[in-house]
Amino acid sequence: ELYDQYNQSINKSNNNSNNNIDITESSKKTSSFTSFLLPFTSRLMSSSTTSSSDKTNSSDKITIKMFLHYWKNEMELYDHHERFYRLIKSINNNYIIKDDFIPYINELLRFHPGLDFLDGHDEFQKKYALTVITRIFYKVNTSRSGKITLNEIRKGKLLYDFIHVDEETEINRVREYFAYEHFYVLYCRFFELDNDKDNKLLRDDLMKYGDHSLSQLVIDRVFQCGQRAYTDGYEGGFNKQGGLSYPDFIYFMLSEEDKSNEMALRYWFTCCDLDGDGVLTPAEMNYFYKIQIHRLNSLGQETINFNDVLCQLIDMLSPKDPLAITLSDLLQSDKRKISGIIFDILFNLNKFLRFEMRDPFQEKMKREDGFNNDWDRFAHYEYHRLAAEEEGNSNNNSNYNSNNNSMYITSTTDDDDYNMFSEDDSDNGESIHSHYLSQQNNMSIDNSKSKVTSHSQYSDWSLDDETDSDDDYQITSNSKRVSNSK
């Protein structure tokens, strides 16, 4: 089969008077590699040069002998999942780390028509790539080791998601990992919360999340034991590293906006398990709920006795031991979709009120709206909210002098490489905006067309800057700043 593919490529290239072989297309047909796995060629060549018979070959030519050598040693004996795994990981490792994905995501940015509007904007390409890789680790790396294993590749079905984005020209239809709108929602929310623009979120920054809907007690627990990105199971310690980095915030936000998946349930169970014994007791739950009672009283809302709330939760979850709820109880297949409600009740005031005042008709519409999960639903509406706000800002500033430096936010970083919208590049945000709109207008999309927002507000910050500040923090009631649920 390989030999036939090779001869077909030779014949095709001869007919075109071109000696190049379409290695991407051949590898896609024979190995199920996606089009943007072009770095496969460098892996193939580096592997083949280890044999003495290939040392005389030109470094920029791929011969049939080189291809078959690589195939027989690296691919032939394995299924598609393991071939994908062996291609992504470093040759000498038995796992995948975050840096292993970088060349492939960069290749995706160069080739995918849905990301053409980012051409020439390296900083946004870096942030998009970092977001995609972080989301992959959040979902696939269930061991939280910072190293993706072959077993996790199989369970996470990552190969199929790569194939999907390869075949789908509208990037926002690929909601798993790659959707540009999802990246933009995560990116803008982090920037809005980062008050001093040092690329780290402190407690005061994170308290503003969701209109101050989270209690200070749970924010404290996030800083103490919240899951950190890319670490070998290490949790918390955010004060020592100066706050939550952008990848850490992605873990937090994905867990907060969709509590129906295993990763989110593990995240919040760890935060609420005060003594770390693997069970949630009524005393621990009441410890969080008392803050909710105080906040409800401050807003003049009717409160519910904790014992009544506990009975309702036990009826919903049916735990083996009503006095000791375990993570296994929350992860039951028939309970997982509703398990996250327990955490909304304990520390998210707005979602708690929304749950108490839920409309059965709206719940039915929610089940039939076509979104796979709460995150997809939230990201869709949040993106369009940001788009509407940006459109309003653009209209207000339509006659504004683009040379006025106050129009652009100045970063505190000293690294000029991260200042995408400098004085000499002040029209890049509008350029990205125009490219995206032009791209959307040229595509035939069955769904309503998405509107992109300008990036000019969210440009000048680095994902890599770190500080070592560790500020003291006291728990105080902040319930008056919490808005009512709409």
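**Exercise 1. Are K259 and E256 buried or exposed, and which wider network do they belong to?**

Solution. Start with burial: K259 and E256 are both buried. Keep in mind that we're working from a predicted model. Next, look at how the two side chains meet: K259 and E256 form a salt bridge, with their closest N and O atoms 3.0 Å apart. Now widen the view. K259 and E256 sit in a network of salt bridges that also takes in E257, D344 and K351.

**Exercise 2. Work out what span helix 7 should have, and check it against the model.**

Solution. Helix 7 covers residues 122-140, which makes 19 residues. The expected span is 1.5 Å times one less than the number of residues, so helix 7 should reach 27 Å. Its end C-alpha atoms are 27 Å apart, so model and expectation agree. While you're there, check the cover: 16 of the 19 residues in helix 7 are buried.

**Exercise 3. Find the residues with the most contacts inside the largest nonpolar core, and say which helix gives the most to that core.**

Solution. The largest nonpolar core holds 109 residues, and F101, F178, F252, I342 and F343 have the most contacts inside it. Helix 7 is the top contributor to this core, with 10 residues. That fits a general habit: nonpolar side chains in soluble globular proteins tend to be buried together.

Now zoom in on F101. Skipping residues up to four places away in sequence, F101 touches I88, I96, I133, I136, F137, I148, L158 and F162. Among these, I133, I136 and F137 fall within the 122-140 stretch of helix 7.

**Exercise 4. Take the salt bridges R154 with D79 and E107 with R110. What does each pair connect, and how covered are the partners?**

Solution. First, R154 and D79: their closest N and O atoms are 2.6 Å apart. R154 is in helix 8 (residues 150-156), while D79 is in the loop between helix 4 (64-75) and helix 5 (80-88), so this bridge ties together parts that are 75 residues apart in sequence. For cover, partly exposed means between 20% and 50% relative accessible area. R154 comes in at 32%, so it is partly exposed, and D79 gets the same label at 34%.

Second, E107 and R110: their side chains meet at 2.9 Å, N to O. Both residues lie in helix 6 (residues 98-111), 3 residues apart, or about one turn of the helix. Here the partners get opposite labels: E107 is buried at 12% relative accessibility, whereas R110 is exposed at 56%.

To place these pairs in context, the full count is 19 salt bridges.

**Exercise 5. Which side chain of opposite charge is nearest to D194, and what does D194 contact?**

Solution. Locate D194 first: it's in the loop between helix 10 (180-193) and helix 11 (203-207). D194 is buried but has no salt bridge. The nearest side chain of opposite charge is K197, 5.7 Å away. A salt bridge needs N and O within 4 Å, so K197 at 5.7 Å doesn't qualify. Leaving out neighbours within four places in sequence, the contacts of D194 are N199, K200 and L201.

**Exercise 6. Describe the whole chain: how many helices and strands are there, and how much of it is buried?**

Solution. Count the elements: 24 helices and 2 strands. Then burial: 51% of the 486 residues count as buried. For the outside, the accessible surface is about 23400 Å², and 45% of that belongs to carbon and sulfur atoms. Finally, of the contacts between residues at least 6 apart in sequence, 66% join residues at least 24 apart.

How values were computed. Residues are numbered from 1 along each chain as its sequence is written. This is a predicted model: local features need pLDDT of at least 70, side-chain atom pairs count only at pLDDT 80 or more; totals for chains, interfaces and linings use all residues. Side-chain values use heavy atoms; hydrogens and water are left out. Helices (H or I, at least four residues) and strands (E, at least two) are DSSP runs, numbered from the N terminus. Buried means under 20% relative accessible area, exposed over 50%, partly exposed in between (1.4 Å probe, protein chains only). A nonpolar core is a set of buried Ala, Val, Leu, Ile, Met, Phe, Trp, Tyr and Cys residues joined through side-chain atoms within 4.5 Å. Contact means heavy atoms within 4.5 Å. Accessible areas come from the Shrake-Rupley method with a 1.4 Å probe; for residues, only the protein chains shown count as cover. Lys and Arg count as positive and Asp and Glu as negative; His and the chain ends are not counted.
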